[in-house]
Amino acid sequence: MKGIFGDLFDFNSDGELDSFEQAADCMFLDELLSDEDENEDEF
């Protein structure tokens with residue numbers, strides 16, 4: 001199973017994302033989206 005960002009968060013290179021790797025994938029996406037919202041407020 002590949003994550004949203006492919007194998008970027010496949011830390012042990014087994015081709016599967018375990019729960020920790022999936023959480024990192026989701027947290028990274030959440031961080032990207034929250035940073036985007038903050039930047040819109042500055043303009």
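**Asp10, Gly3 and a nonpolar patch**

Let me begin with Asp10, whose side chain reaches the backbone nitrogen of Asp14 at 3.4 Å, a polar contact being a pair of N or O atoms within 3.5 Å, where within protein one must be able to donate a hydrogen and the other to accept it, and residues adjacent in sequence count only if both atoms are side-chain atoms. This is a predicted model, in which local features need pLDDT of at least 70 and side-chain atom pairs count only at pLDDT 80 or more, while totals for chains, interfaces and linings use all residues. Residues are numbered from 1 along each chain as its sequence is written, and side-chain values use heavy atoms, with hydrogens and water left out.

Asp10 is buried (under 20% relative accessible area, with exposed over 50% and partly exposed in between, using a 1.4 Å probe and protein chains only), yet Asp10 has no salt bridge, and the nearest side chain of opposite charge, Lys2, is 7.4 Å away. A salt bridge here requires a side-chain nitrogen of Lys or Arg within 4 Å of a carboxyl oxygen of Asp or Glu. Leaving aside neighbours within four places in sequence, Asp10 is in contact with Gly15, Glu16, Leu17 and Glu21, contact meaning heavy atoms within 4.5 Å.

Turning to Gly3, this residue is in the segment before α1 (19–42) and counts as buried because its relative accessibility is 19%. With neighbours within four places again set aside, Gly3 is in contact with Leu17 and Asp25, and its C-alpha atom is separated by 9.8 Å from that of Ala24, 21 residues apart along the chain.

Finally, Leu32 lies in helix α1 and, at 38% relative accessibility, counts as partly exposed.

Methods
Helices (H or I, at least four residues) and strands (E, at least two) are DSSP runs, numbered from the N terminus. Lys and Arg count as positive and Asp and Glu as negative; His and the chain ends are not counted.
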